[in-house]
Amino acid sequence: MAELGPVAWPPDPIRTERLLLRGAAARDRPAFVELLTSPEVNTYLGGPRARAEVERDLPAVPEQWPGSFVVERDGAMIGQVLLRRHDRHRPAAVGKIDLGYLFLPRAWGHGYATEACAAVLDWVDHALGEPVVLATQTANVASMRLAGKLGFAEVERFRAWDADQWLGLRPPSGLAGDV
Ligand SMILES: CC(C)(COP(=O)(O)OP(=O)(O)OC[C@H]1O[C@@H](n2cnc3c(N)ncnc32)[C@H](O)[C@@H]1OP(=O)(O)O)[C@@H](O)C(=O)NCCC(=O)NCCS
């Protein structure tokens, strides 16, 4: 994985209408365990991990790296939005910032993922001003819908990890350097 870019981390917390986005903290650990071990969350992500293994391996403050946003609603973590720059990816995506998202099932169906990802993309526009790519399984209907709502346009479909995959790209909005 390559560096995200010249960004200060943790970021200043981002407030949206209903959510708070921030770097990870020790109090988020139980929610991270739930995200990693939930069969529903991991249906299209290679399957859930064993709870005992996750409890043993997860650091006291999980996922504390530039680009890993915790999404909080009413004081509790409900999901994670991730920005990663992969040095191994499809040719059209290599070296670009890649958006990922995982929300706890009880937080699905409220528009929280749309609201959180839109705020993170806005942060990318201001902090880095770069295009963002997104890869998801075509069978992951909720994720495909989210990608469309966020303004990602199809670059290609391909086959990997025994599944049909979709690669989308969202151009920068030209706001770099505003903040
Ligand atoms: C992908 C994922 C984040 C999508 O979550 P989601 O809650 O469906 O996404 P959104 O935030 O866009 O919410 C949309 C739904 O909220 C509903 N909604 C309710 N209130 C809303 C509001 N105030 N504003 C917007 N939408 C609202 C929408 O109608 C929509 O419902 P629908 O799915 O029945 O059409 C979620 O399914 C998930 O975490 N999956 C597991 C991880 C995963 O597969 N990640 C993809 C990796 S590539």
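## Overall fold

Of the chain's 179 residues, 27% count as buried. The model is a predicted one. Its secondary structure comes to four helices and eight strands, and in sequence order these follow the pattern β-β-α-α-β-β-β-α-β-α-β-β. The radius of gyration is 16 Å, close to the 16 Å that the globule rule gives for 179 residues, so the chain is as compact as a globular protein of that length.

The C-alpha trace spans about 40 × 40 × 30 Å along the principal axes. Among contacts in the chain with a separation of 6 or more, 64% are between residues 24 or more positions apart.

## Annotated domain

UniProt, in an unreviewed entry, lists residues 19-172 as "domain: N-acetyltransferase". In the model this span is 27% helix and 31% strand, and its end C-alpha atoms lie 23 Å apart.

## Surroundings of the ligand

There are 20 residues around the ligand, of which Phe103, Gly111, Ala113, Thr114 and Ala142 come nearest. By class, the shell has 11 nonpolar, eight polar and one charged residues.

Three elements each supply at least two residues of this shell: strand S5 (97-103), helix H3 (112-127) and helix H4 (141-149).

## Helix H3

Helix H3 contributes to the ligand shell and also holds a set of buried residues, namely Tyr112, Ala113, Ala116, Cys117, Val120, Leu121, Val124, Asp125 and Ala127. Ala113 is thus buried and is also one of the residues that come nearest to the ligand.

At 1.5 Å a residue, the 16 residues of H3 should span 22 Å, and the end C-alpha atoms are 22 Å apart, which agrees. Just after H3, Gly129 takes a positive phi of about 60°.

## The N-terminal segment and strand S1

The segment before S1 contains Pro10. The peptide bond leading from Trp9 to Pro10 is cis, with omega near 0°.

Ile14 lies in strand S1 (residues 14-15). With 16 other C-beta atoms within 10 Å, Ile14 is partly exposed. Leaving aside neighbours within four places in sequence, the contacts of Ile14 are Leu21, Ala119 and Trp123. Trp123 is 109 residues from Ile14 along the chain, yet the two C-alpha atoms are separated by 8.6 Å.

## The loop between H2 and S3

Trp65 is found in the loop between helix H2 (51-57) and strand S3 (68-73). What is the exposure class of Trp65? Because Trp65 has 15 C-beta neighbours inside 10 Å, it counts as partly exposed; a residue needs 20 or more to be buried, and 12 or fewer to be exposed. The C-alpha atoms of Trp65 and Gly151 are 26 Å apart, with their positions 86 residues apart along the chain.

Glu63 is found in the loop between H2 and S3 as well. Glu63 is not a glycine but has a positive phi of about 50°. With 19 C-beta neighbours inside 10 Å, Glu63 counts as partly exposed.

## The loop between S3 and S4

Asp74 sits in the loop between S3 and strand S4 (76-85). Here too a residue that is not a glycine takes a positive phi, with Asp74 at about 50°. Asp74 has 8 C-beta neighbours inside 10 Å and therefore counts as exposed.

How values were computed
Residues are numbered from 1 along each chain as its sequence is written. This is a predicted model: local features need pLDDT of at least 70, side-chain atom pairs count only at pLDDT 80 or more; totals for chains, interfaces and linings use all residues. A residue is near a molecule or strand if its C-beta atom, placed from the backbone, lies within 6 Å of it. Ala, Val, Leu, Ile, Met, Phe, Trp, Tyr, Cys and Pro count as nonpolar, Asp, Glu, Lys and Arg as charged, and the others, Gly among them, as polar. The radius of gyration is taken over C-alpha atoms; the globule rule is 2.2 Å times the number of residues to the power 0.38. Two residues are in contact if their C-beta atoms, placed from the backbone, lie within 7 Å. UniProt positions are given in the numbering used here, feature names are shortened, and annotations may be inferred rather than shown by experiment. The expected span of a helix is 1.5 Å times one less than its number of residues.
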